[in-house]
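Trainee: I'd like to learn how to read a protein structure, one feature at a time. Could you walk me through this one?

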Amino acid sequence: MSAAAAKKGSVSHPARRSRSGPLAGLPKALRSEVERLGSADIMVGIPSYRNAATIGHVVRAAHAGLVQYFPDLRPVLVNADAGSPDGTQRVVVETESPDYIASILLVRPRNRLRRISLTYPEVDGVGGKGAALRTLFQIARALQVQALVVVDSDLRSIGPEWIELLAGPILKGGFDYTTPLYSRHKFDGTITNTVTYPLTRALYGLRIRQPIGGDFGVSGDLIDHYLAQDDWTPDVSKFGIDIWMTTTAVAGGFAVCQARLGAKVHDPKDPGADLGPMFSQVVSTALRLTERHDDRWLRVTGSRDVPAYGFERIVDPLPLDVDVGRLLRSFAAGASDHADAWAEIGVLAGVDRLIALAADAGAVAEAGAAATFTFPDETWVRVVYGSLLAHHRRRLSDERLIEALVPLYFGRVASHVLETGPLDDEAAEAVVERQAGAYEALKPELVAAWRADPAPPGGPAAGTEADA
């Protein structure tokens, strides 16, 4: 347990596995390369796929950050790629030599940066971001690093200071997990704004603003804890990894802080066109973790701020366009496509209320008067809590539950975009905070319903297989 965690009176952690143990599950050639590296003090990991256009900048920024802020530590940079056909791995290996870093920083590196680029193996036949991170965790443990920093490969806003901001709290402050604190466009991060931030805050009592941020720092102890877990699922091997890491760290009593990184400029995604699979994997993982850690969150009331590291940055993020009409039409179609499942999800919100909202969305989309549609905070919170209860009671398969939840999420996002469109960033953030307050205020309803209806043993309840 870290010093910071001990000061907070956190629970003791189970015995750690040896950090110098074998790299089980990795190809022999990769094991040999890692063994050749020996050990390191700090590691930067970059998962990637088809990022040849951007990853060179990320590598240069990481290298400069390691030299400028951690000159006495032995650094290594590892790119875990999904087999990109565009030369991503070649860019990592061929990016400028240390002479470039010396010329821009006016300092000669004291320790040579060792770099490797690899094609990561799948986990039980499943590949994705989580599988890449698992490989990075295994390598970091084998190298016995004190801190691992992971950054996205499509970043355009990363600077050398990001490495210090993400690793500094671990190396200097005794924290185990550094999550990012971004300046994001008010339409960006819809899964975070509507689900993962307010849900994590209400359940576990910590105001972690970006629990699925993508860029983070991890201590050696927390890496050991991650690799010791027995709940790695296919969704965790994909986009479920971020909420899994945050929840596992919090539930394990590890010390968490945030780093002010400024604006995150990367490849943006329209929630209606691009985020369906990500939403499914993230929320499916969150549902399962809520069940796994109910002994932890059922007794939590209220919430508290999480320490933030770094100077506050005032940066305007890039604008983002959202197709609200598509979101509204998808929500409206959900009433007929998922009526039976909505009856389970709507146990707290009222299924008739959900169907009426869907009808309103369809009418607004048809008329083109989109600004008239509102999906109330309290109704949305009850939808999320109802989904947790539906999973807990096992009356729907997870696949059916998530399929039915997606159009409701689209409706909530459409409402958020329409409400915050005329607002400045500060006012838009107040809307997110208002919703988070609703999550906390309505948590007693979830707790009472959860305790009143214990989960049945085994898998989904009888009669639900037809819903799969």
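Mentor: Let's start with aromatic rings. This is a predicted model, and in it Phe331, Trp342, Phe373, Phe375 and Trp380 form one aromatic cluster.

Trainee: How many aromatic pairs does the structure hold?

Mentor: There are 13 of them. To read a pair, you look at the distance between ring centres and the angle between the planes; planes over 60 degrees apart count as edge-to-face. Take phenylalanine 375 and tryptophan 380: their ring centres are 5.9 Å apart and the planes sit at 85°, so this pair is edge-to-face.

Trainee: Are phenylalanine 375 and tryptophan 380 buried or exposed?

Mentor: Both phenylalanine 375 and tryptophan 380 are buried. Now compare another pair, tyrosine 409 with phenylalanine 410: the centres are 5.6 Å apart with 40° between the planes, and that makes the pair tilted. Tyrosine 409 and phenylalanine 410 are both buried too.

Trainee: Okay, on to cores. What's the general idea?

Mentor: In soluble globular proteins, nonpolar side chains tend to be buried together. Here, the largest nonpolar core has 107 residues, and Met43 and Leu408 have the most contacts inside it. Helix H18, residues 398-420, gives the largest share of this core, with eleven residues. There is also a second, separate core of 26 residues, which includes Leu66, Phe70, Val149 and Tyr182.

Trainee: Which residues does methionine 43 touch?

Mentor: Setting aside residues up to four places away in sequence, methionine 43 touches ten that I can list: Val76, Val78, Leu136, Ile139, Ala140, Leu143, Val145, Ala147, Leu148 and Val149.

Trainee: You mentioned helix H18. How do I read a helix?

Mentor: Check its length, its bend and its surroundings. At 1.5 Å a residue, the 23 residues of H18 should span 33 Å, and its end C-alpha atoms are 32 Å apart, which agrees. H18 does bend, by about 25° at valine 406, and proline 407 follows within four residues. As for surroundings, 18 of its 23 residues are buried, so H18 is largely enclosed by the rest of the structure.

Trainee: Can we zoom in on one residue? Where is phenylalanine 70 found?

Mentor: Phenylalanine 70 is in the loop between helix H3 (55-69) and strand S2 (75-81). To judge burial, you compare the relative accessible area with a cut-off: under 20% means buried. Phenylalanine 70 has 6%, so it counts as buried.

Trainee: What is phenylalanine 70 in contact with, leaving aside its neighbours within four places in sequence?

Mentor: Its partners are Ile42, Gly65, Ile163, Glu164, Ala167, Gly168, Leu171 and Lys172. Look at alanine 167: it lies 97 residues from phenylalanine 70 along the chain, yet their C-alpha atoms are separated by 9.5 Å.

Trainee: Let me try histidine 392. Is it buried or exposed?

Mentor: Buried, because its relative accessibility is 3%. Histidine 392 is in helix H17 (residues 377-393). Beyond four places in sequence, histidine 392 touches Glu291, Trp450, Asp453, Pro454, Ala455 and Pro456.

Trainee: And how do I step back to see the whole chain?

Mentor: Go through the overall numbers. The chain has 19 helices and ten strands, and buried residues make up 58% of its 468 residues. Among contacts with a separation of 6 or more, 85% join residues 24 or more positions apart. Finally, the chain exposes about 18,300 Å², with carbon and sulfur atoms supplying 50% of it.

Technical notes. Residues are numbered from 1 along each chain as its sequence is written. This is a predicted model: local features need pLDDT of at least 70, side-chain atom pairs count only at pLDDT 80 or more; totals for chains, interfaces and linings use all residues. Side-chain values use heavy atoms; hydrogens and water are left out. A nonpolar core is a set of buried Ala, Val, Leu, Ile, Met, Phe, Trp, Tyr and Cys residues joined through side-chain atoms within 4.5 Å. Buried means under 20% relative accessible area, exposed over 50%, partly exposed in between (1.4 Å probe, protein chains only). Helices (H or I, at least four residues) and strands (E, at least two) are DSSP runs, numbered from the N terminus. Contact means heavy atoms within 4.5 Å. Accessible areas come from the Shrake-Rupley method with a 1.4 Å probe; for residues, only the protein chains shown count as cover. The expected span of a helix is 1.5 Å times one less than its number of residues. The bend at a residue is the angle between axes fitted to the seven residues ending there and the seven starting there. Rings of Phe, Tyr and Trp (its six-membered ring) pair if their centres lie within 6.5 Å; planes under 30 degrees apart count as stacked, over 60 as edge-to-face and the rest as tilted.
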